[in-house]
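The following note is offered to a colleague who wishes to read this structure residue by residue. Each numbered point takes up one topic.

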Amino acid sequence: MLKISIVTPDGELYNETVDQIVVSASNNGDYGILTDHVPIISTIDTGYIKLEQKDLVYYVVIINGVVENHHNKVTVIAQDAFIGDSEKDAMENLMDIRKSRIEENRKRNVELAKAEKELLKQIKQ
C-alpha cells in the first residue's frame, strides 16, 4: 500500500492510501509506482496521476508538479490539480476552473486600473 498526498497552493487536494500509482507526464513519459518502489523524484509539466484503490480508479490532472516517492509515501506538490473519474473529465474541469480564474483576474486588473486613475486624478486636484 502507498500513502499519497497531493498538495496545491489552495491546500491538500488528496490524502489517501492506494494500491498503485501511474504517473504520466509529457516531459518524462509514464511510469508506475508500486509498494516498496525504489525512491524517486520527478517532475510533471502537464500530465496526470492515475490512482488505483481496489476496484476504484481516479485521475488527477497535474500542471507543473513534483512527485516524490520514499518509503511508500508519495508526495505530489503541484501548481494546479483536479480529480476526476477519467483523465479527460479531470482535464476539462481543471480547464474550466483556470478559465474562470483568468476572467476573475482580468476583472480585478480593470478595477485596479480604474482605482489608480481615480487616485491620480484626486492627487492632481
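**Notes on the model**

1. Ser24 has its place in strand E3. The model under review is a predicted one, and the remarks below should be read accordingly. Ser24 is buried, its relative accessible area being 12%. The side chain of Ser24 makes a polar contact with the side chain of Asp30, at 2.7 Å. Asp30 also appears among the residues in contact with Ser24 once neighbours within four places in sequence are set aside; the others are Gly29, Thr46, Gly47 and Tyr48.

2. Which residues have the most contacts inside the largest nonpolar core? This core has 20 residues, and those with the most contacts inside it are Ile4, Ile6, Ile21, Ile49, Leu51, Ile62 and Val67. At least two residues of the core come from each of the strands E1 (2-8), E2 (11-18), E3 (20-25), E4 (29-33), E5 (40-53), E6 (56-70) and E7. The strand that gives the most is E7, with four residues. As general background, nonpolar side chains in soluble globular proteins tend to be buried together.

3. Ile49, one of the core residues with the most contacts, merits a separate entry. Leaving aside neighbours within four places in sequence, Ile49 is in contact with Ile4, Ile21, Val22, Val23, Ile44, Tyr58, Tyr59, Val60, Ile62, Val67 and Val76. Among these partners, Ile4, Ile21, Ile62 and Val67 are also listed with the residues that have the most contacts inside the core.

4. A nonpolar patch lies on the surface as well: Ile41, Val66 and Ile77 make up an area of about 290 Å². Ile77 is found in strand E7, which covers residues 73-84. Is Ile77 buried or exposed? Ile77 has a relative accessible area of 53% and is therefore classed as exposed, since the class begins over 50%. Strand E7 thus holds an exposed member of the patch, while E7 also gives four residues to the core.

5. How many salt bridges does the count come to? The count comes to three. One of them joins Lys50 to Glu52, with the closest N and O atoms 3.3 Å apart. Lys50 is partly exposed, at a relative accessible area of 23%, whereas Glu52 is buried, at 18%. The two residues fall into separate classes because buried means under 20% relative accessible area.

6. Helix H1, residues 87-124, holds a salt bridge between Arg106 and Glu103. The closest N and O atoms of this pair are 3.1 Å apart. Arg106 and Glu103 are three residues apart, about one turn of the helix. Arg106 is partly exposed, with a relative accessible area of 47%, and Glu103 is also counted as partly exposed, at 34%.

7. Arg108 and Glu104 form a further salt bridge through their side chains, with an N to O distance of 2.6 Å. Both residues lie in helix H1, four residues apart, again about one turn of the helix. Their relative accessible areas are 48% for Arg108 and 42% for Glu104. Arg108 is accordingly partly exposed, and Glu104 is partly exposed too.

8. Arg101 is another residue of helix H1. Arg101 is partly exposed, with a relative accessible area of 33%. Which residues does Arg101 touch, not counting residues up to four places away in sequence? Arg101 touches Asp10 and Asp80. The C-alpha atoms of Arg101 and Ser26 are separated by 24 Å, the two residues being 75 residues apart along the chain.

9. Two backbone entries deserve a check by the reader. Asp36 is not a glycine, yet has a positive phi of about 65°. Asp36 lies in the loop between E4 and E5 and counts as exposed, at 63% relative accessibility. Lys54, likewise not a glycine, has a positive phi of about 55°. Lys54 is found in the loop between E5 and E6 and is exposed, with a relative accessible area of 74%.

Note on methods:
Residues are numbered from 1 along each chain as its sequence is written. This is a predicted model: local features need pLDDT of at least 70, side-chain atom pairs count only at pLDDT 80 or more; totals for chains, interfaces and linings use all residues. Side-chain values use heavy atoms; hydrogens and water are left out. Patches are made of residues with over 30% relative accessible area and no salt bridge: like charges are joined within 9 Å, nonpolar side chains (Val, Leu, Ile, Met, Phe, Trp, Tyr) within 5 Å. Accessible areas come from the Shrake-Rupley method with a 1.4 Å probe; for residues, only the protein chains shown count as cover. A salt bridge is a side-chain nitrogen of Lys or Arg within 4 Å of a carboxyl oxygen of Asp or Glu. Buried means under 20% relative accessible area, exposed over 50%, partly exposed in between (1.4 Å probe, protein chains only). A nonpolar core is a set of buried Ala, Val, Leu, Ile, Met, Phe, Trp, Tyr and Cys residues joined through side-chain atoms within 4.5 Å. Contact means heavy atoms within 4.5 Å. A polar contact is a pair of N or O atoms within 3.5 Å; within protein, one must be able to donate a hydrogen and the other to accept it, and residues adjacent in sequence count only if both atoms are side-chain atoms.
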